[in-house]
Amino acid sequence: MNAECTAKPSGLYSLRQAREIIGCSTRALVNYRKSGLIPTHERNGNKQKVIVGKDIIAFMNRHHLVR
């Protein structure tokens, strides 16, 4: 599956940016995170939750989401 994705594998994306890339609602992203489908990490300095680009790409490939 070749999902067209604007996320770079080494990029760090805020939850809002990740939601826009995936094309889902805020509630859907929360559900994906809670169920472990998309792992989140915290930035060292400010504890902001971020998602790594490779995780976004893997999620989109697993769920056949093409944008």
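Me: Contact here means heavy atoms within 4.5 Å. With that in mind, what share of the contacts in the protein with a separation of 6 or more comes from residues 24 or more positions apart?

Reply: In this predicted model, residues 24 or more positions apart account for 59% of the contacts with a separation of 6 or more.

Me: Which elements make up the protein, and in what order do they run?

Reply: The protein has 3 helices and 3 strands. From the N terminus on, their order is β-α-α-β-β-α.

Me: What makes the relation between helix α1 and helix α2 "roughly perpendicular"?

Reply: Two packed helices are described by the angle between their axes and the distance between the axes. The axes of α1 (residues 15-22) and α2 (residues 26-34) come within 10 Å and cross at roughly 105°. Angles of 65 to 115 degrees count as roughly perpendicular, and therefore α1 is roughly perpendicular to α2.

Me: Which residues of α1 and α2 meet, and how do they divide by character?

Reply: From α1, Leu 15, Arg 19 and Ile 22 take part; they meet Thr 26, Leu 29 and Arg 33 of α2. The residues of this contact comprise 3 nonpolar, 1 polar and 2 charged. Leu and Ile count as nonpolar and Arg as charged, whereas Thr falls among the others, which count as polar.

Me: Which residues of α1 are called buried, and how do you know that they lie on the same side of the helix?

Reply: Ala 18, Ile 21 and Ile 22 are the buried residues of α1, the term being reserved for a relative accessible area under 20%. Around the axis they cover an arc of only 90°, so they are placed on the same side of α1. These buried residues pack against β1 (12-14), α2, β3 (49-52) and α3 (53-62).

Me: What follows α1, and what is the sign of its phi?

Reply: Gly 23 follows α1, and its phi is positive, near 85°.

Me: What makes the phi of Lys 47 worth noting?

Reply: Most residues other than glycine have a negative phi. Lys 47 is not a glycine, yet its phi is positive, about 65°. Lys 47 is placed in the loop between β2 (41-42) and β3.

Me: Why is Lys 47 called exposed?

Reply: The relative accessible area of Lys 47 is 54%. Exposed means over 50%, and Lys 47 is therefore exposed.

Me: How much of the protein is buried, and how much area does the protein expose?

Reply: Of the 67 residues in the protein, 28% are buried. The protein exposes about 4,500 Å², of which carbon and sulfur atoms supply 49%.

Definitions and conventions:
Residues numbered from 1 in each chain as written. Predicted model: local features only at pLDDT ≥ 70, side-chain atom pairs only at ≥ 80, totals over all residues. Heavy atoms only, no water. Helix = DSSP H or I, 4+ residues; strand = E, 2+ residues; numbered from the N terminus. Buried < 20%, exposed > 50% of the residue type's maximum accessible area, 1.4 Å probe, protein only. Areas by Shrake-Rupley, 256 points an atom, 1.4 Å probe, with all protein chains shown as cover. Axes fitted to C-alpha atoms, helices over the stretch in contact; angles between N-to-C directions. Parallel < 35°, antiparallel > 145°, perpendicular 65-115°, else oblique. Arc of directions from axis to C-beta.
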